[in-house]
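User: I am new to reading protein models. Can we go through some labels and ask why each one applies?
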Amino acid sequence: MPKKYENVKEYHDPWYALTANRLLVTLGALRDEVNCDVCVVGAGFTGLSAALELAQKGFNVILLEKDSVSGLASGRNGGHLQRGFSQSPGWLIRQYGLETAKFLCNVSLEGLGLMLMRMAEHDIKCDLKFGHLTAATKPRHETELKADIRDWQKLGHKDIDWWDEKTVQETILTGAYTGGLFDTKGGHFHPLNYALGLAQAFQKHGGRIYEQTAAVDIIPGETNRVTTASGGSVLAKFVVLAGVTGMKGLAPLRKTSMAVTAHMIATEPLSETRRQQIMTRDIAVADARFIMDYYRFSSDNRLLFGGNCNYSDREYASEDMRLRERMTTLFPLLRMTRIDHCWRGPLDLTMNRIPHLGRLTPQIYFAHGFGGQGAILTHILGKIMAEAVAGTAERFDVFAKMRHNPFPGGDLLKRPLFVAAMTWYRLRDML
Ligand SMILES: Cc1cc2nc3c(=O)[nH]c(=O)nc-3n(C[C@H](O)[C@H](O)[C@H](O)COP(=O)(O)OP(=O)(O)OC[C@H]3O[C@@H](n4cnc5c(N)ncnc54)[C@H](O)[C@@H]3O)c2cc1C
């Protein structure tokens, strides 16, 4: 039987936090009035990317974080790197036309390039590995994934391959998959170590980071005043709101997004033999269902396994068991394997599953709603926001002009209607 966990707190700490490889020293909570050119609120990937880009462009930048740097989604995610958006390339073509779809998909690939460049430039060690497989579990998935490959090719991305059943089954040792879409440029990494590396690079360029500093309000003007729960305030010409919640006046903006909870587990370290009995290559794998399983090995040979999003506010305690069940259905060999860590993080979804970017005033920019495929997009869209602040807004405006509908049902019915819709998708996944 799996071991019972006595140290509950450690069990619920993300494996990433326990393997963070750098100490980051920040300025702590802001209690005074400070000035800068740009105040970035939120030190997830989006905020860090925008802040670093702005600092490198010579702006005087302050970054406010209500908890700790990348303590939420950005430091707790699956670490899968996959080009594109949560929507298929075909959907992007139908929705926005071929040229805009090309722009969007090229932006996502540029995002991956940006991350690699930053890892090299700032010497960020974050266990990067290449190769990402989206696996088909049924004939419908095969048809959809093959159509995706044709659409990627139409968009000029010719380096995405089809893996037949034999290749998939020789690589991932479960009988569950019948083929898959393989992206050689995709892969996986240690998200928190990457975020901490970006934060240090930002500081080296003169950036100031205040943690335990929740922004609570903005008083807009020629100079914007951002007030904080810790008593200090920031006077800034520009403000960038990056995945921000809980600020006064942002409720209308938040109607276009919905926070859900995603969970992950990490096994105990596996022996090399056991590891080879699961996967023969060190790639990241997700399946093609709407509510998917996704997994990969960590640098210390654990299987990091995620899936089974919680769309309501269900009990947290059982999620590790639900994930263990999914994992052992795929790999019965892991039935006796201990689960060492289980954690959760927030996913910020929009109705159309495309990130929502825009301006509240000509000097106040925002981005949120990166959903479950934000690792790459947050980086490039953070950079694109920085370009807009610096005066070149063409690329930003492509995103800012996209229509984002509020979730139906108003404050009262929004969540139950959403849960009902997701139940329908869950059932569809089973067919
Ligand atoms: C369990 C899980 C698994 C995932 N797996 C993957 C994956 O494998 N691949 C992938 O591409 N994506 C994945 N994602 C999604 C990805 O992590 C997110 O899309 C991305 O990290 C979003 O980044 P962000 O900067 O927008 O938000 P966040 O990382 O949430 O950052 C926002 C920051 O703003 C801070 N903040 C909020 N309000 C305030 C305020 N008022 N004042 C100051 N600070 C504030 C928060 O504390 C937070 O640190 C996953 C997410 C989760 C939760």
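User: Why are α3 and α8 called roughly parallel to each other?

Analyst: A first point: this is a predicted model. Helix α3 (residues 45-56) and helix α8 (residues 191-204) pack at an angle of about 25°. Angles under 35 degrees count as roughly parallel. Therefore α3 and α8 are roughly parallel to each other. Their axes are 9 Å apart, and α3 passes α8 in a left-handed crossing.

User: Which residues of α3 and α8 make the contact?

Analyst: From α3 come Phe45, Leu48, Ser49, Ala51, Leu52 and Ala55. From α8 come Ala195, Leu198, Ala199, Ala201 and Phe202. By class, this contact has 10 nonpolar, 1 polar and no charged residues.

User: What makes α5 roughly perpendicular to α12?

Analyst: The axes of helix α5 (residues 98-121) and α12 cross at roughly 90°. The range for roughly perpendicular is 65 to 115. That makes α5 roughly perpendicular to α12. The two axes come within 8 Å.

User: How do the residues of the contact of α5 with α12 divide, and which are they?

Analyst: They divide into 7 nonpolar, 3 polar and 2 charged. The α5 side has Val107, Ser108, Glu110, Gly111, Leu112, Leu114 and Met115. The α12 side has Ile376, Leu377, His379, Ile380 and Lys383.

User: Why are α4 and α6 called oblique to each other?

Analyst: The axes of helix α4 (residues 89-96) and helix α6 (residues 139-154) cross at roughly 55°. Roughly parallel needs an angle under 35 degrees, and roughly perpendicular needs 65 to 115. The angle fits neither range, so α4 and α6 are oblique to each other. Their contact is made by Pro89, Gly90 and Ile93 of α4 and Ala147, Asp148, Asp151 and Trp152 of α6. Those residues divide into 4 nonpolar, 1 polar and 2 charged.

User: Is Ser108 buried or exposed, and how do you know?

Analyst: Ser108 has 20 other C-beta atoms within 10 Å. A residue is buried if that count is 20 or more. Therefore Ser108 is buried. Ser108 lies in helix α5. Leaving aside its neighbours within four places in sequence, Ser108 is in contact with Arg83, Gly84, Phe85, Ile376, Leu377 and Ile380.

User: Gly84 is on that list. What makes Gly84 count as buried?

Analyst: Gly84 has 23 C-beta neighbours inside 10 Å. The cut-off is 20 or more, so Gly84 counts as buried. Gly84 is found in the loop between β3 (80-81) and α4. Not counting residues up to four places away in sequence, Gly84 touches Pro89, Cys105 and Ser108. The C-alpha atoms of Gly84 and Gln373 are separated by 8.3 Å, though the two are 289 residues apart along the chain.

User: Why does Asp127 count as partly exposed?

Analyst: Asp127 has 19 C-beta neighbours inside 10 Å. Buried needs 20 or more, and exposed needs 12 or fewer. The count falls in between, so Asp127 counts as partly exposed. Asp127 is found in the loop between α5 and β4 (129-136).

User: What is notable about phi of Asp127?

Analyst: Phi of Asp127 is near 55°, a positive value in a residue other than glycine. Most residues other than glycine have a negative phi. Gln212 also has a positive phi, of about 50°, although Gln212 is not a glycine. The place of Gln212 is in the loop between β7 (208-210) and β8 (215-219). With 17 other C-beta atoms within 10 Å, Gln212 is partly exposed.

User: How do you know that Asn60 is partly exposed?

Analyst: Asn60 has 15 other C-beta atoms within 10 Å. That lies between the limits of 12 and 20, so Asn60 is partly exposed. Asn60 lies in the loop between α3 and β2 (61-64). Asn60 touches Cys36, Asp37 and Gly206, not counting residues up to four places away in sequence.

User: Which residues have the most contacts inside the largest nonpolar core?

Analyst: They are Val38, Cys39, Val41, Val240 and Met385, in a core of 111 residues. The largest share of this core, 10 residues, comes from helix α12 (residues 375-389). Leaving aside its neighbours within four places in sequence, Val38 is in contact with Leu54, Phe59, Val61, Ala236, Phe238, Val240 and Val389. In soluble globular proteins, nonpolar side chains tend to be buried together.

Notes. Residues are numbered from 1 along each chain as its sequence is written. This is a predicted model: local features need pLDDT of at least 70, side-chain atom pairs count only at pLDDT 80 or more; totals for chains, interfaces and linings use all residues. Axes are lines fitted to C-alpha atoms, for helices over the stretch in contact, and angles run from 0 to 180 degrees between N-to-C directions. Helices (H or I, at least four residues) and strands (E, at least two) are DSSP runs, numbered from the N terminus. Angles under 35 degrees count as roughly parallel, over 145 as roughly antiparallel, 65 to 115 as roughly perpendicular and the rest as oblique. A crossing is left-handed if the near helix is turned anticlockwise from the far one by less than a right angle, and right-handed if clockwise. Two residues are in contact if their C-beta atoms, placed from the backbone, lie within 7 Å. Ala, Val, Leu, Ile, Met, Phe, Trp, Tyr, Cys and Pro count as nonpolar, Asp, Glu, Lys and Arg as charged, and the others, Gly among them, as polar. A nonpolar core is a set of buried Ala, Val, Leu, Ile, Met, Phe, Trp, Tyr and Cys residues joined through C-beta atoms within 7 Å.
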